[in-house]
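Q: Hi! I'm new to this one, could you walk me through it?

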Amino acid sequence: REYIKIRNMAAVRDRRIWPGWDDKVLADWNGLMIAALAKASRAFGQPHWLELAGDAFAFVREHMTGEDGRLRHAWRQGTLKHRATLDDYANMIRAALALHEATGEDAYLDQARGWTEIVDRHYWDADNGGYFFTADDAADLILRAKQANDNAVPAGNATMLANLARLWLLTGDDAFRRRAEAQRAAFAGELQRNFFPLTSFLNAADLFERALQVVIAAAPGEADADALADAAWSASQPNLVLHYAGGGRPLPTLHPAYGKGKVAGKAAAYVCRGQTCSLPIADAATLKDALNEQA
């Protein structure tokens, strides 16, 4: 009887005009999903998820970039719409960094740096710090908004603070550290007024101050290196930043693990916080235990 009732309701509903099908591809939402897939693939040992993340990233990079080399917000059936917002760039930079750490491929890091240069050129508030939501050449705007409050998704300014922190740690380029400090200072006063919507910003500030870096002295793809990386990803460390330092991938000269290498020909991991690093760890289980002990 209940089945018949539901079937009759469905028949009535089917006579109505169906809602439109929203099949747009959005750069910001894809960036969120790509970063999640990249990290989850390593944490749960699901390589297919990493493939999906790479494919989605390639689509946004190749099909959602205008002739001027800048991202667009939306794509549908081959048509691009609207200049990218801060959220589009922030989330795609985050995705590029997540893929770089998950795969060790430098092309993703290079892309993150390139997009960050565009954000700094067109979105940065030179007078007061922080990033505007819209570019300096966006048309028909009465006022350019700028805020760090989370809404349904993390705030673009919060995501950019985390991106800048990771770029500084991964590249050693002090310009990223200086910009991150300016970014943090631009919104520091918001905490005194209302800290509840600033969760992502607070998390990003914590990453900037207390990142837990794992340096693997080997190249990605080497069996012992990948075992150490898997152990690092499986530990519950939201501030984890992972480097591969091998196969022609030197660390920045000022990095605390600079010059450290393999032990007896085997890949070794170094756990670093601030300017202090652990002794070399060559066993995956020992590395995971060491990370889980970190407060």
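Here is a short chat about a helix pair and a strand.

Q: What kind of model is this?
A: It's a predicted model: local features need pLDDT of at least 70, side-chain atom pairs count only at pLDDT 80 or more, and totals for chains, interfaces and linings use all residues. Residues are numbered from 1 along each chain as its sequence is written, and side-chain values use heavy atoms, leaving out hydrogens and water.

Q: Cool. How do the axes of H4 and H6 cross?
A: Helix H4 (residues 86–103) and helix H6 (residues 156–171) have axes that come within 9 Å and cross at roughly 35°. Helices here are DSSP runs of H or I with at least four residues, and strands are E runs of at least two. Axes are lines fitted to C-alpha atoms over the stretch in contact, with angles from 0 to 180 degrees between N-to-C directions.

Q: And which residues make that contact?
A: Among them are Leu 86, Ala 90 and Leu 97 of H4, and Met 160, Leu 167 and Leu 170 of H6. Contact means heavy atoms within 4.5 Å.

Q: New topic: is strand S4 covered or exposed?
A: Mostly covered: 5 of the 5 residues in S4 (residues 212–216) are buried, meaning under 20% relative accessible area with a 1.4 Å probe, protein chains only.

Q: Which way do they point?
A: Leu 212, Val 214 and Ile 216 point one way from S4, and Gln 213 and Val 215 the other.

Q: Which strands are joined to S4?
A: S5 (residues 240–244) runs parallel to S4, with 5 bridges, and S6 (residues 269–273) runs antiparallel to S4, also with 5 bridges. Strands pair if DSSP finds at least two bridges between them. Gln 213 stands opposite Val 241 in S5, while Leu 212 has Arg 273 as its bridge partner in S6.

Conventions:
Buried < 20%, exposed > 50% of the residue type's maximum accessible area, 1.4 Å probe, protein only.
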